[in-house]
Amino acid sequence: MAMFRRPSPLHLLFLISTLLLLAHHLPSATSIGVNYGTIANDLPPPAQVAQFLKDRTTIDRVKIFDANPDIIRAFANTGISISITIPNSEIPALANPRAACRWVAANVKPFHPQTKFNYVLLGNEILHWGDAAMVSNLVPAMRSLHNALSRAGLSDIKVTTPHSLAILDSSNPPSTARFRPGWDQKVLAPMLRFHRRTKSPFMVNPYPYFSWNPQNNRFSLFHRNPGVHDWGTGKTYTNMYDLLLDAVFVSMRKLGFGDVEIAIGEVGWPAAGDAGMSHCTVENARWHNLNIVKKAGSGQGTPLMPGRKFETYLFGLFTENMKPGSAAERNFGLFRPDFSPVYDIGIMRGRQL
């Protein structure tokens, strides 16, 4: 019978220390959300999409721009949560409590609990795109929907609405940031009060891409740079993403709502664009989104919000060949319609970076 020497305590300590060191440096899978847009004529069926995300990726939540029942049904029993969107045009009617109850009964109740809902999103970037009736009814409709969900026994589903950064009057440096006058007290303060009361996040779409210019290229794309110093707070920023998030935070804090959570509804970078859009490349998109994924999972936070994690939805899941506008609009996708990745940011199972 073979005899084995029992390892000494010193050897055991060395082994444990080595394993802990390796665990610290080895990459780990990071869960991330994604926007599942459908402005295309070549996308796979929703059931195939849901199965692909479940089996092949670390994506654990999706956000869609409507309440398509086929997509909602496809994510049943997958463990992937879904956030659904009410069209901007329906906002005024949903300020009526009865209309809100009917909407929940038709669009949420039939699929719950098989499909795991995360948020009901009331419109998209309303303050930027909506008319006066949509804007004035936005917060009342959010209240009505929250109450309708509670009455239906679905109080775990939160209500929010995504904002473009057009809600900011200024953002650079973050210490001077504030919400646009008029929207700040009439719309955003009541909305933030609603988010505090219902423990739902204030959702923003902070795209460094839309702040890009040749002079801030490295700053926008998470490359090494001298940084931007904010003399008002003493903080130095090394990337545009942190700067934009802190500008939102300062604006919220100036209204007295710095405690409300922030969620990232959309962020991304296109892998191709029109002639002359030299910043729209596969490598730029890969590096930008890789850094977004790392930040989402790190808990690093920002200079003014250290240690905070932000629920994050990348834009977007697929290249969408029928989106209007420049070629860049059709090339935000992480995947092509055949499920092949446009680039690798470590979200494929077994291929973490």
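This report covers a pocket, a helix and a strand residue in a predicted model.

Residues are numbered from 1 along each chain as its sequence is written. In this predicted model, local features need pLDDT of at least 70, side-chain atom pairs count only at pLDDT 80 or more, totals for chains, interfaces and linings use all residues, and side-chain values use heavy atoms, without hydrogens or water.

**Pocket.** The largest pocket has 30 lining residues. Glu125, Trp129, Tyr207, Phe210 and Glu266 lie nearest its centre. Two elements, α6 (126-129) and β7 (168-170), give two or more residues to this lining. β7 gives the most, with 3 residues.

| Lining class, largest pocket | Residues |
|---|---|
| Nonpolar (Ala, Val, Leu, Ile, Met, Phe, Trp, Tyr, Cys, Pro) | 14 residues |
| Polar (the others, Gly among them) | 9 residues |
| Charged (Asp, Glu, Lys, Arg) | 7 residues |

A pocket here is an open set of points on a 1 Å grid over the protein atoms alone, where a 1.4 Å probe fits, with protein on both sides within 12 Å along at least five of seven lines; lining residues have an atom within 4 Å of a point.

**Helix α7.** Helices are DSSP runs (H or I, at least four residues) and strands likewise (E, at least two), numbered from the N terminus. α7 spans residues 132-151. α7 bends by about 45° at Leu138 (the angle between axes fitted to the seven residues ending there and the seven starting there). Pro140 follows within four residues. Buried residues of α7 include Leu138, Met142 and Leu145.

**Ser83.** Ser83 lies in strand β3 (residues 81-86). Ser83 counts as buried (under 20% relative accessible area, 1.4 Å probe, protein chains only) because its relative accessibility is 0%. Beyond neighbours within four places in sequence, Ser83 contacts (heavy atoms within 4.5 Å) residues including Val62, Asn118 and Tyr313.

Technical notes:
Buried < 20%, exposed > 50% of the residue type's maximum accessible area, 1.4 Å probe, protein only. Expected span 1.5 Å × (residues − 1).
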